[in-house]
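Colleague: I would like a close look at one part of this model, with its surroundings and then some other places for context. Please give the cut-offs as you go.

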Amino acid sequence: MSATGADPIDLRVLHRELSGTPFCGRVHHFEEIDSTNTRALREGTAGAPHGSVYVADAQTGGRGRGAHTWSSPPATGLYMSVLLRPSVTPQDALCFSLAAGLAAQVAVEHLAGFVPDIRWPNDLLSRSASEPRKLGGILTEMHAEVTRVRFLVIGIGINVHQREFPPELSRSATSLAIEAPRVVLSRQALLVSLLCALSEQTDTLTGSDAMSARAVLLRRLEARSTWMRGKAVFVHEEQPFQGVTEGLDQYGFLRVRTAAGEVRLVRSGGVRAVEKAYAAGS
Ligand code: BTN
């Protein structure tokens, strides 16, 4: 049996199911790779087309936001990166990353039958009131001039079959298998659902009425996340602060009301619920 066990990725079927999207015929599958994002960045620099997708059964150097790593054991999770070449400026890039979070949320809803929460900018969390845990994350990187994006790489990791995690993640991570134990899970079905949802989102964000598409996306995101409005948060920046979230600005940056006034969060250092921040002793 291969490393993918009973849950293989079948490119022929995949491309048929992606027909009509920019990803059809452009998915590259690896049994093992260092990082799909690293690969996509390299291919993007070499001229790979819009819609190229890099998916791996395992990553030996999976990367998370900041200096974090992304645990990527064989065939237990979805590890994929999408290369997009939208004609936008760097300040528009965040919306594509947020759109990917929404697409991942929709895909999980279709496949696993529950709606994960989205923590800004785009962590997927379980909805347990007492202890939300991380199900998935997104690392968006770009190659850009100051005024023009050359390409974006949106890397998405979703924990699918994991029943256990390395000790350092055992209190903070979860998987679809843990959250939806009676559902038969398939990484390929999740990938198709995710890419179809992402295709819809990116089509509208690059279409003729991109401004209103962006506004619709941001309102939808606020409505489908408990984190974007009215949440007491602790923000880990160089100068940590506490406040209450007040929605997203026109580019998708999080607005936080603090005792000293409104702070617009333009970096994703780490947003945590206030009670969780204290419980963790931070
Ligand atoms: C985070 O929440 O810190 C982001 C995690 C992103 C992980 C994915 S897995 C596929 C892609 N390749 C990587 O090296 N990272 C992203």
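With which side chain does the side chain of Q59 make a polar contact, and at what distance?

Modeller: The side chain of Q59 makes a polar contact with the side chain of S72, at 3.0 Å. A polar contact is a pair of N or O atoms within 3.5 Å; within protein, one must be able to donate a hydrogen and the other to accept it, and residues adjacent in sequence count only if both atoms are side-chain atoms. The model is predicted, so local features need pLDDT of at least 70 and side-chain atom pairs count only at pLDDT 80 or more, while totals for chains, interfaces and linings use all residues. Residues are numbered from 1 along each chain as its sequence is written, and side-chain values use heavy atoms, leaving out hydrogens and water.

The side chain of Q59 also reaches the backbone nitrogen of T36, at 2.8 Å. Q59 belongs to strand 2, residues 52-59; strands (E, at least two residues) and helices (H or I, at least four) are DSSP runs numbered from the N terminus. The relative accessible area of Q59 is 12%, so the residue is buried; buried means under 20%, exposed over 50% and partly exposed in between, with a 1.4 Å probe and protein chains only. Contact means heavy atoms within 4.5 Å. Apart from neighbours within four places in sequence, Q59 is in contact with I33, D34, S35, T36, W70, S72 and Y79.

Y54 lies in strand 2 too. With 2% relative accessibility, Y54 is buried. Not counting residues up to four places away in sequence, Y54 touches H28, F30, T36, R39, A40, E43, A48, Y79, M80 and S81. T36 and Y79 are thus on the list for Y54 and on the list for Q59. Between Y54 and L78, 24 residues apart along the chain, the C-alpha separation is 11 Å.

The loop between strand 2 and strand 3 (77-84) holds A75. Phi of A75 is near 55°, a positive value in a residue other than glycine. A75 is buried, at 8% relative accessibility.

Another backbone feature is the cis peptide bond from W120 to P121, with omega near 0°. P121 sits in the loop between strand 4 (117-119) and strand 5 (123-125). W120 and P121 are both touched by L98, which also touches N122, L218, L221 and G252, leaving out residues up to four places away in sequence. L98 is part of helix 3, residues 93-112, and is buried at 0% relative accessibility. The C-alpha atoms of L98 and A232 are 21 Å apart, with their positions 134 residues apart along the chain.

In strand 6 (residues 134-144) is M142, which is partly exposed with a relative accessible area of 38%. Its contacts, neighbours within four places aside, are P90, A93, V149, F151 and L152.

S175 is in the loop between strand 7 (149-159) and helix 4 (176-179). S175 is buried, with 0% relative accessibility, and its side chain reaches the backbone oxygen of Q162 at 2.6 Å. Q162 is also among the residues in contact with S175, along with L135, N159, V160, H161 and F165, again without neighbours within four places in sequence.

Helix 5 (residues 187-205) and helix 6 (residues 210-223) pack at about 135°, and their axes are 7 Å apart. Axes are lines fitted to C-alpha atoms, for helices over the stretch in contact, and angles run from 0 to 180 degrees between N-to-C directions. Helix 5 is therefore oblique to helix 6; angles under 35 degrees count as roughly parallel, over 145 as roughly antiparallel, 65 to 115 as roughly perpendicular and the rest as oblique. Q201, T204 and L205 of helix 5 meet A210, A213, R214, L217 and R220 of helix 6. These residues divide into four nonpolar, two polar and two charged. Here Ala, Val, Leu, Ile, Met, Phe, Trp, Tyr, Cys and Pro count as nonpolar, Asp, Glu, Lys and Arg as charged, and the others, Gly among them, as polar.

Last, the cysteines. The number of disulfides is zero, taking a disulfide as a pair of cysteine sulfur atoms within 2.5 Å. For the sulfur of C24, the closest cysteine sulfur is in C196, 10 Å away and so too far for a bond. C24 is partly exposed, at 32% relative accessible area, whereas C95 is buried at 2% relative accessibility.
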